[in-house]
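Reader: Could you take me through one part of this model up close? I'd like to start with the cysteines and then see how the pieces of a chain sit against each other.

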Amino acid sequence: MNIIALDTSTEYCSLALWLNGNIISREKLAGQRHSELLLPMLQTMLTEAGVALSQIEGIAFGAGPGSFTGLRIACGIAQGLAFARDIPVVGVSTLEALAQQVDASRVLAARDARMGELYFAAYEKMETGWFPVHAPLLCRPETAPEVIGEGWTGCGSGFALHQSVLSKTYSENLQQIIPDCYPHAREIAQLAAIKFANGEGRAAEEALPVYIRNKVALKESERQR
Amino acid sequence: MLVLGIETSCDETGIALYDTRRRLLGHALYSQVDMHRDYGGVVPELASRDHIRRVLPLVAQVLEQTNISLEAIDAIAYTQGPGLAGALLTGASIGNALAFARNIPVLNIHHLEGHLLSPLLSDPAPDFPFVALLVSGGHTQLMHVKGIGQYKLLGETVDDAAGEAFDKTAKLLGLDYPGGKLLADLATQGQPGRFRLPRPMLNSNDLNFSFSGLKTAAALLINKHKQKASTQTRADIALAFEDAVTDVLVKKSITALKITRLQQLVVAGGVGANSRLRQKLQHHLAGTGIVVFFPELEFCTDNGAMIALAGALRLQQLNEKPPGSDGSFTIKARWNLEDL
């Protein structure tokens with residue numbers, strides 16, 4: 001199977017081509033220029049790989065959590081490509097992509113959610129893939145949920161920002177901390193290949209971001225006090 | 001030439017198919033107004049979250065309605081700005097990816113150009129040149145429209161947009177969100193002459209507008225009557241307010257026609273749906289030889305048809321068909337129409 005994977009959930013813009021198990025990937029520090037960079041980067045990669053867009057059979061994108069605007073750029077582009085080519089899409093969790101990247105057996109993935117909060121998930125590696133001990137959730141660093149046992153690897157910008165609090169919470173669990181990693185299309189492509197094989201591909205219009213932070217404004221009735 | 005139009009600049013998702021020969025073939029609109037009502041205004045993040053759910057289903061709906069396949073589309077026109085950044089980016093991402101994947105050109109459309117040209121969707125349609133009064137919740141401008149892309153600003157609001165003043169005053173009158181239309185409905189019950197509100201800048205020697213002072217005057221009047229504000233009193237205030245706004249819009253439009261010596265006036269934007277404004281303009285221009293054009297009511301609000309139309313006209317204006325999109329795009333949350 002040939003897959004295009006893309007991620008714009010961070011200040012990086014990353015892309016990967018999964019070509020029947022071979023991966024080509026690329027990234028650029030984009031700041032806020034993801035929309036300018038992504039598709040031209042994709043064209044260059046396709047040309048260099050000698051692959052036509054018509055040979056692509058699925059689109060994968062970093063569905064979140066991450067920058068809301070970034071998630072929608074990746075999702076919108078994935079939707080557009082998939083709709084135009086009539087091929088399926090899968091959204092991949094950016095936290096699961098982090099777990100895949102650090103490649104330990106037990107992973108605590110945490111990303112900065114701003115406002116003093118974290119996007120957090122805990123995964124254990126199984127033969128079938130990553131099992132979510134805690135599926136992606138939003139929490140304050142002090143209230144990150146417990147995990148059982150030793151040998152956990154903590155990773156992501158959440159650990160960079162709140163290392164002291166999280167080290168304390170997970171003092172009996174953590175084996176190592178890898179704070180300086182960010183979700184990348186390379187691992188999104190790997191995870192997507194499994195998901196497509198499992199029949200998890202969806203129609204373009206069903207591909208949506210997974211924000212995790214769902215409360216973004218107060219209704220008038222909630223603003224009274 | 002067949003153009004797919006995508007509009008996502010604020011709280012309406014609009015999709016349309018326009019053909020340069022057969023004109024508007026189909027369109028679909030989803031308004032988020034019910035969702036934003038609970039918040040008392042448009043929440044930009046929620047607007048963006050809704051657009052990404054709506055665009056493709058509406059595209060699919062329009063293609064099905066018109067029995068046209070995506071492969072038949074020659075170009076994609078999308079609203080590049082001005083508007084809410086996150087909302088614009090959603091339509092831009094989908095539109096640009098569609099164009100890139102189909103190797104067809106993409107047309108970056110100015111939202112207000114869409115509004116300006118929207119009366120061209122009707123029959124009879126105005127010919128260039130004309131004066132356009134653009135009145136909505138976000139804009140109040142008088143433009144001299146010489147042709148596609150040739151727009152000269154004659155005057156604009158120095159503070160609130162007319163539609164914004166309508167909505168804010170409606171809120172003060174206790175009307176539901178968005179209240180502009182409800183205020184106009186209430187005003188039909190009003191007793192003429194009971195209250196009089198100022199007509200700001202009516203006699204200023206330019207074509208600019210100001211509505212923030214009028215809104216304050218209306219607020220003072222509403223507060224004064226708050227204790228015993230019967231429905232009749234509220235209707236009377238609504239009428240006085242609507243009268244003041246429309247008087248200014250009419251007077252300045254007529255002055256703009258005189259200065260430019262043009263014979264056609266186009267009224268566009270959400271406030272263009274206001275029937276008192278329509279009646280007053282018809283009344284004042286009767287017998288002058290000046291013809292006033294209004295878009296169909298469904299094209300007064302934001303919509304995809306005007307974006308597809310603007311894209312098609314722009315495409316027609318080019319000597320040769322532009323190349324397929326390279327996929328690089330940016331949006332312009334702020335964008336002056338004169339910079340086109």
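Author: Let's start with C155(A), which counts as buried because its relative accessibility is 0%. Keep in mind that this is a predicted model. C181(A) is buried too, with a relative accessible area of 10%. So are these two bonded? The sulfur of C181(A) sits 4.4 Å from the closest cysteine sulfur, the one in C155(A), and that's too far for a bond. A disulfide needs the two sulfurs within 2.5 Å. In fact, the structure holds 0 disulfides over all chains, and C155(A) is in none, with C181(A) having the nearest cysteine sulfur.

Now over to chain B. Its pLDDT averages 95, and 100% of its residues score at least 70. For the complex, the predictor gives an ipTM of 0.97 and a pTM of 0.96. Chain B is split into domain 1 (2–117 + 300–339) and domain 2 (127–294), and the centres of these two domains, taken over C-alpha atoms, are 28 Å apart.

Here's how the two domains of chain B meet: 19 residues of domain 1 touch 24 residues of domain 2. Together they bury about 1700 Å², with carbon and sulfur atoms giving 69% of that area. On the domain 1 side, L116(B), C300(B) and E338(B) supply 35% of the area buried against domain 2, more than any other three residues.

There's some polar pairing as well. Between the two domains you'll find 5 residue pairs in polar contact and 1 salt bridge. D176(B) forms a salt bridge with R37(B), where the closest N and O atoms are 3.8 Å apart.

Notes:
Residues numbered from 1 in each chain as written. Chains lettered and ligands numbered in written order. Predicted model: local features only at pLDDT ≥ 70, side-chain atom pairs only at ≥ 80, totals over all residues. Heavy atoms only, no water. Buried < 20%, exposed > 50% of the residue type's maximum accessible area, 1.4 Å probe, protein only. pLDDT = per-residue confidence, 0-100. Domains from an automatic or database assignment. Contact = heavy atoms within 4.5 Å. Buried area = accessible area lost by both parts, 1.4 Å probe. Salt bridge = Lys/Arg side-chain N within 4 Å of Asp/Glu carboxyl O. Polar contact = N/O pair within 3.5 Å; in protein donor to acceptor, adjacent residues only side chain to side chain.
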